[in-house]
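Work through the exercises below with the sequence and the structure at hand. Try each task before reading its solution.

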Amino acid sequence: MADNIYGIMAEFDTPTEMVDAARMVRDAGYTKTDAFSPFPLHEIDEALGIKRSILPYLIFAGGITGLLTGLGLEYYVHVFDWQIIVGGRPAFSLPSFVPPAFEMTILFSAFIAVFGMLFLNGLPSPYHPVFNVPRFALATREKFFLIIESTDPKYDYAETRSFMEGLGAQEVFDVEE
Amino acid sequence: MQDAKELKQKLHPAMVEGDHTFASVSDKIGDVTLKRRTPFHWFIGFGLAFLVAQLLLFTIIWLVTKGIGIWGTNQPVGWAFPIINFVWWIGIGHAGTLISAILLLLNQKWRTSINRFAEAMTLFAVACAGLYPVFHTGRPWLAYWLFPYPNTMGIWPQFRSPLMWDVFAVSTYATVSLLFWYIGLIPDLATLRDRAKNKFFKFVYSIFSWGWRGSARHWHRYELAYLILAGISTPLVLSVHSIVSFDFSVSQIPGWHATFFPPYFVAGAIYAGFAMVLLLAIPLRRLYNMRDLITDTHLIYMGKVMLATGLIVAYAYVMEAYFGWYSGSQYEWFMIKNRIWDGPYWFFYWLLILCNGLSIQLLWFKRFRESEIWLFILSIIVSIGMWLERFVIIVTSLQRDYLPSSWAMYSPSVFDITMFVGTLGFFFSLFYLFVRFVPVISIFEVRTLLPQANVHGRQQDFDESVLEVEYTYDRTDPPNS
């Protein structure tokens with residue numbers, strides 16, 4: 001029974017109950033934990049000790065790449081490859097190069113923001129063990145779930161399960177692999 | 001305490017009315033797509049819109065067959081209906097991004113229940129806008145020449161041209177709007193996936209929700225990405241209409257060559273866009289019984305934004321005339337006279353002032369602001385007015401410029417009109433499909449508006465604890481009786 005288990009999951013009715021339980025889980029020393037909610041809960045980051053993502057730095061790098069790509073392209077086209085001098089303006093006429101370079105900055109950072117977020121989240125993941133719990137379908141509707149994974153160093157089936165049952169959860173489930 | 005509560009209610013009115021729970025909002029919004037029978041009015045509306053969209057198909061086929069000579073566009077009015085309609089549509093799109101991005105950064109909670117369909121409106125409006133320049137090129141199958149790519153002809157686009165900036169701005173805007181709209185949809189599609197009974201729809205929603213499971217770590221990154229997207233969309237949306245205005249202001253035509261065009265155009269875009277959001281929101285909340293989610297407060301706020309942007313636009317009209325006079329340039333002053341009273345199109349100018357400048361003043365009064373019907377009528381008037389604004393700016397500037405021998409009149413051909421009406425049909429067909437297959441209101445964001453979404457529901461706990469103290473006090477006092 002206990003060897004093909006991905007983790008132990010508890011269901012809660014309100015966000016407050018889950019955040020309180022998450023604090024207790026963290027205080028008990030569990031680290032391989034996760035929470036599931038139908039909308040973003042800011043308090044859970046602190047309660048579970050989730051670190052700030054590196055995503056903003058990636059987006060910044062993406063934006064800089066976009067800017068340099070835009071300016072580089074314009075430089076290559078209008079200075080290096082084929083100069084067309086109109087109205088006595090210099091070949092590298094920076095003010096009129098700003099709009100395309102700016103749009104490229106935005107475009108690249110937007111792509112990194114969306115696909116970087118999905119990539120760091122490990123999505124798409126059509127299968128995940130938590131979906132094996134039938135009631136988990138409510139995680140995208142109204143219920144709140146907390147899980148301790150079996151890979152946690154402190155994990156012990158009987159002990160962890162009784163700990164989870166003591167958190168005031170609605171129900172506690174074994175999540176099968 | 002009663003007063004304090006009333007004041008709070010006045011300052012922060014509830015954005016979700018009625019006794020809703022997480023489950024009830026999910027079902028109410030999700031069931032429009034999943035469970036409820038497609039209502040009869042949907043078939044009527046979609047059928048009509050789709051029929052009208054055929055005009056667009058017909059016009060485009062004829063246009064590609066014969067060439068753009070079938071339009072009324074002539075010399076000197078070489079930019080006519082296509083660019084008028086392009087600017088009109090793209091301006092409408094701007095309200096969607098304003099609602100989803102700028103109001104998010106400003107922490108305006110009322111954006112939450114209108115952002116989804118406003119963003120959809122943006123996408124469809126940009127799709128309609130994009131058709132015009134592509135077909136105005138005359139050979140739309142070569143439209144990819146607009147993009148810089150290494151080619152055997154050895155030519156590059158001219159990056160110093162505002163028309164090139166437009167290509168970058170509009171294509172970036174379309175892409176980023178799509179990404180922004182889609183990333184907002186992912187958690188809601190997961191909700192639909194978990195609730196769908198139909199195998200086929202469950203499969204489709206599974207694919208498009210990428211296996212979203214609402215993990216706290218995912219939400220954390222999701223919110224960061226969403227906030228940063230809002231942050232970069234804000235300068236983007238302002239840049240797009242600024243660049244559209246550069247198409248005009250960088251040229252040297254009197255009436256176009258003005259430094260105040262970017263803010264003038266951006267304000268006008270938001271003005272027209274809010275009118276369109278109201279035109280969509282009012283029937284939507286009526287037909288789908290969503291008055292508890294798109295509340296009267298939402299409509300009043302949108303009315304106020306319309307009033308504010310309308311006043312900016314009216315100020316721009318006054319300044320435009322003043323600049324023409326104050327410039328001391330005989331060409332500028334002639335253009336103003338020609339536009340306002342001396343020329344053949346004076347009627348359209350005054351109709352524009354009536355629609356955009358005067359009618360909007362009604363919104364100063366509570367009676368009009370709080371009436372659904374009046375807001376709807378005013379939105380139609382403003383949409384017409386904003387279309388006239390582009391007509392006046394474009395046609396009256398071009399038809400009589402520096403050289404009197406090249407002056408001419410402009411009137412649209414029947415194909416100009418069918419193409420415009422056709423894009424209206426195309427827009428509404430897309431919108432009807434959106435209403436049918438995608439949740440029209442962001443479900444997960446509406447959940448966060450509910451009082452029970454607050455962890456330790458701060459204000460509420462406070463109020464209850466105050467009540468409790470009073471209650472205890474009553475019971476225990478006097479202590480020794």
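Two strands count as paired if DSSP finds at least two bridges between them. With that rule, Phe12(A) stands opposite Phe144(A), a residue of strand E3(A). The model used throughout is predicted.

**Exercise 1. The elements of chain A**

Task: State how many helices and strands chain A has, and give their order.

Solution.
Step 1. Count the elements: chain A contains five helices and four strands.
Step 2. Read them from the N terminus, which gives β-α-β-α-α-α-β-α-β.

**Exercise 2. The sheet of chain A**

Task: Find the order of the four strands in the sheet of chain A, and say which strands stand at its edges.

Solution.
Step 1. Write down the order: the four strands form an open sheet, E2-E3-E1-E4, and the pairing is antiparallel.
Step 2. Look for strands with a single partner. These are E2 (33–36) and E4 (171–176) of chain A, so each has one side without a neighbour in the sheet.
Step 3. Add the twist: on average, neighbouring strands of this sheet are turned by 25° against each other, direction ignored.
Step 4. Recall what holds such strands together: strands of a sheet pair through backbone hydrogen bonds, in a parallel or an antiparallel way.

**Exercise 3. Strand E1 and its surroundings**

Task: Describe the partners of strand E1 of chain A and decide whether this strand is enclosed or open.

Solution.
Step 1. Take the partner E3. Strand E1 (residues 5–12) of chain A pairs with strand E3 (residues 144–149) of chain A in the antiparallel sense, over six bridges. Within this pair, Ala10(A) stands opposite Leu146(A), and Phe12(A) stands opposite Phe144(A).
Step 2. Take the partner E4. E1(A) and E4(A) also pair in the antiparallel sense over six bridges. Here Glu11(A) stands opposite Glu171(A).
Step 3. Check burial. A residue counts as buried if 20 or more other C-beta atoms lie within 10 Å of its own. Six of the eight residues of E1(A) are buried, so the strand is largely enclosed by the rest of the structure.
Step 4. Add the helix. Helix H1 (residues 15–27) of chain A lies across E1, E2 and E3 of chain A and runs at about 15° to E3(A).

**Exercise 4. The dimensions of the two chains**

Task: Set the radius of gyration of each chain beside the value for a compact globule.

Solution.
Step 1. For chain A, a compact globule of 177 residues would have a radius of gyration near 16 Å, but the chain has 25 Å. The C-alpha atoms of chain A fill a box of roughly 80 × 30 × 30 Å along the principal axes.
Step 2. For chain B, a compact globule of 481 residues would come near 23 Å; the chain has 26 Å, which agrees. Its C-alpha trace spans about 105 × 55 × 45 Å along the principal axes.
Step 3. Note the burial in each chain: buried residues make up 42% of the residues in chain A and 44% of those in chain B.

**Exercise 5. Helices of chain B**

Task: Decide how helices H4 and H5 of chain B are oriented to each other.

Solution.
Step 1. Begin with the element count: chain B has 17 helices and zero strands.
Step 2. Find the angle. H4 (residues 81–105) and H5 (residues 115–136) of chain B pack at about 155°, with their axes 7 Å apart.
Step 3. Apply the cut-off: angles over 145 degrees count as roughly antiparallel. H4(B) and H5(B) are therefore roughly antiparallel to each other.
Step 4. Give the handedness: H4(B) passes H5(B) in a left-handed crossing.

**Exercise 6. Phe180 of chain B**

Task: Is Phe180(B) buried or exposed? Which residues does Phe180(B) contact, leaving aside neighbours within four places in sequence?

Solution.
Step 1. Locate the residue: Phe180(B) is in helix H6 (residues 162–195) of chain B.
Step 2. Phe180(B) has 28 other C-beta atoms within 10 Å, so this residue is buried.
Step 3. With those neighbours left aside, Phe180(B) is in contact with Ser100(B), Glu119(B), Leu229(B) and Ser233(B).

**Exercise 7. Where the chains meet**

Task: Which element of chain B gives the most residues to the side that touches chain A?

Solution.
Step 1. The contact takes 53 residues from chain B and 57 residues from chain A.
Step 2. On the side of chain B that touches chain A, the elements giving two or more residues are H2 (22–33), H6, H8 (216–249) and H16 (443–449) of chain B.
Step 3. H8(B) gives the most to that side, with 16 residues.

Methods
Residues are numbered from 1 along each chain as its sequence is written. Chains are lettered from A and ligands numbered from 1 in the order in which they are written. This is a predicted model: local features need pLDDT of at least 70, side-chain atom pairs count only at pLDDT 80 or more; totals for chains, interfaces and linings use all residues. The radius of gyration is taken over C-alpha atoms; the globule rule is 2.2 Å times the number of residues to the power 0.38. A residue is buried if 20 or more other C-beta atoms lie within 10 Å of its own, exposed if 12 or fewer, and partly exposed in between; C-beta atoms are placed from the backbone. Axes are lines fitted to C-alpha atoms, for helices over the stretch in contact, and angles run from 0 to 180 degrees between N-to-C directions. Two residues are in contact if their C-beta atoms, placed from the backbone, lie within 7 Å. Angles under 35 degrees count as roughly parallel, over 145 as roughly antiparallel, 65 to 115 as roughly perpendicular and the rest as oblique. A crossing is left-handed if the near helix is turned anticlockwise from the far one by less than a right angle, and right-handed if clockwise.
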